[in-house]
Amino acid sequence: MHIISIINYKGGVGKTTLTANLGAELAFRGRNVLLLDLDPQASLTFSFLRPEYWKLHFEKDRTIKAWFDSFEEPGAPLSLATLIYAPGRVTRSLQNRGSLHLIASHLGLINVDLELATDLGGGSLKQARKRYLRVHRRLSDGIRNDIDPNAYDYLLIDCPPNFNIVTKNAIVASDYLLSPAKPDYLSTLGIDYLLRNLAELVSNYNDYLQLEDSSESADAIAPKMLGVVFTMIQEYGNQPISAQRPYIRQTNDLGVPVFDAYIKANQTVFATAPQDGVPVVLNQYQHRSHASVVESLEALATELEGKVGA
Ligand SMILES: Nc1ncnc2c1ncn2[C@@H]1O[C@H](COP(=O)(O)OP(=O)(O)OP(=O)(O)O)[C@@H](O)[C@H]1O
Ligand SMILES: [Mg+2]
């Protein structure tokens, strides 16, 4: 099972759209894919579940918030496996090719970050290090303990647009990172900042591990940046328009890998898909513009599979 976090703390760059469509395309190719929604906005969740259905069957005790909360309560914590759900509409449209399962989020996940931050504080330096590790590896441990690695080819984690402790949990749990970005000035600046924060997290985490007993240092983390995926690309003559090209070039200059594949801009097809419960890449289409968006998503999945050696 390849664990991939979709991260960028800039909001609205297409993280959730990419997670849903990449997951759906991989499932269409016969892969078994688990999606984890780690964003309190729960956009990924509501791309697959109707809000009324979520309220009835998930809100109380079947979301990633309930799982984090269960560590603060007496008794054994919940198992992540009990949260996994196969959304009906997308499962029907996959027609037994592969599978696309989901662990849902909850608007109250925002409070989990505060609770985890509280768990970090106080005590001696040695205790603080231990707590830092325990708090940051909670999701990683949960995945390892609760999810059968043979059941899924991919676990894709849709992260919120921030670098809080829940996001850091995703990074610590990940083999790979993928960062969607819009080709504009502020997004390009954001990538540099993101890379520096990532490096700092990895180095702090591994330093703390080293200071602990040697059995734990085997758990050093090294999430690999697969690259930046540009989203919302406007094309002219099969190429990004000239206004967008400098930002793609600047990102290349940062030394971070950039995917050759990019996601084309198409407000019409992307705006309505979440409401239908089926990602764009799986939808029936009549228009050439929709077909060309699907081709760009297919190219992305092919490139990703090449990079992870699947
Ligand atoms: N390729 C695209 N072309 C046109 N619109 C897009 C494209 N990708 C995403 N969008 C639209 O842009 C908006 C933001 O997308 P999305 O929710 O995927 O971003 P996000 O990075 O997950 O946002 P957040 O940071 O809030 O979680 C949505 O309305 C979505 O429909
Ligand atoms: Mg999102």
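**The ligand shell, pockets and cavity of the model**

By class, the shell around ligand 1 comprises six nonpolar, eight polar and four charged residues. The structure described here is a predicted model, and the distances, areas and volumes reported below were computed from it. The shell consists of 18 residues around ligand 1, of which G12, K15, T16, T17 and K264 come nearest. Two helices, α1 (15-28) and α13 (267-276), each supply at least two residues of this shell, and α1 makes the greatest contribution, with three residues.

Several contacts connect ligand 1 to the protein through its oxygen atoms. A backbone N or O atom of V13 is placed 3.0 Å from an oxygen atom of ligand 1, and a backbone N or O atom of G14 likewise lies 3.0 Å from an oxygen atom of the ligand. A side chain also takes part, in that an N or O atom in the side chain of Q41 is 3.1 Å from an oxygen atom of ligand 1. Taken alone, ligand 1 exposes 630 Å², and the protein buries 77% of that area.

The space that ligand 1 takes up is the largest pocket, for which the volume is about 630 Å³. The lining of this pocket is made up of 30 residues, and those lying nearest the centre of the pocket are G14, T16, T17, M232 and F270. Of these, T16 and T17 also belong to the residues that come nearest to ligand 1, while G14 is the residue whose backbone N or O atom lies 3.0 Å from a ligand oxygen atom. Helices α1, α2 (43-48) and α13 each provide at least two residues of the lining of the largest pocket, with α1 giving the most, namely six residues. In terms of residue class, the lining of the largest pocket divides into 15 nonpolar, twelve polar and three charged residues.

The second largest pocket contains about 310 Å³ of space. It is lined by 18 residues, and the closest to its centre are S140, R144, V172, A173 and D175. Helices α8 (138-146) and α9 (165-173) each supply at least two residues of this lining, and the largest share, three residues, comes from α8. The lining of the second largest pocket has twelve nonpolar, two polar and four charged residues.

In addition to these pockets, the count of cavities of 30 Å³ or more comes to one, and the volume of the largest cavity is about 60 Å³. The lining of the largest cavity is formed by L38, P40, L109, I110, D113, P160, N162, N164 and V166. Helix α6 (residues 109-120) gives the most to this lining, with three residues. By class, the residues that line the largest cavity are six nonpolar, two polar and one charged.

With regard to the helices, α1 thus recurs in the description of the ligand site, giving the most both to the shell around ligand 1, with three residues, and to the lining of the largest pocket, with six residues. Helix α13 supplies at least two residues of the ligand shell and at least two residues of the lining of the largest pocket. For the second largest pocket the largest share of the lining comes from α8, whereas for the largest cavity the helix that gives the most is α6.

Terms used: Residues are numbered from 1 along each chain as its sequence is written. Chains are lettered from A and ligands numbered from 1 in the order in which they are written. This is a predicted model: local features need pLDDT of at least 70, side-chain atom pairs count only at pLDDT 80 or more; totals for chains, interfaces and linings use all residues. Side-chain values use heavy atoms; hydrogens and water are left out. A residue is near a molecule or strand if one of its heavy atoms lies within 4 Å of it. A polar contact is a pair of N or O atoms within 3.5 Å; within protein, one must be able to donate a hydrogen and the other to accept it, and residues adjacent in sequence count only if both atoms are side-chain atoms. Accessible areas come from the Shrake-Rupley method with a 1.4 Å probe; for residues, only the protein chains shown count as cover. On a 1 Å grid over the protein atoms alone, a cavity is a set of points where a 1.4 Å probe fits but cannot get out, and a pocket is an open set with protein on both sides within 12 Å along at least five of seven lines; lining residues have an atom within 4 Å of a point. A molecule sits in a cavity or pocket if more than half of its atoms lie within 2 Å of its grid points. Helices (H or I, at least four residues) and strands (E, at least two) are DSSP runs, numbered from the N terminus. Ala, Val, Leu, Ile, Met, Phe, Trp, Tyr, Cys and Pro count as nonpolar, Asp, Glu, Lys and Arg as charged, and the others, Gly among them, as polar. Grid points are joined across faces, edges and corners, and a volume is the space filled by probe spheres set on the points.
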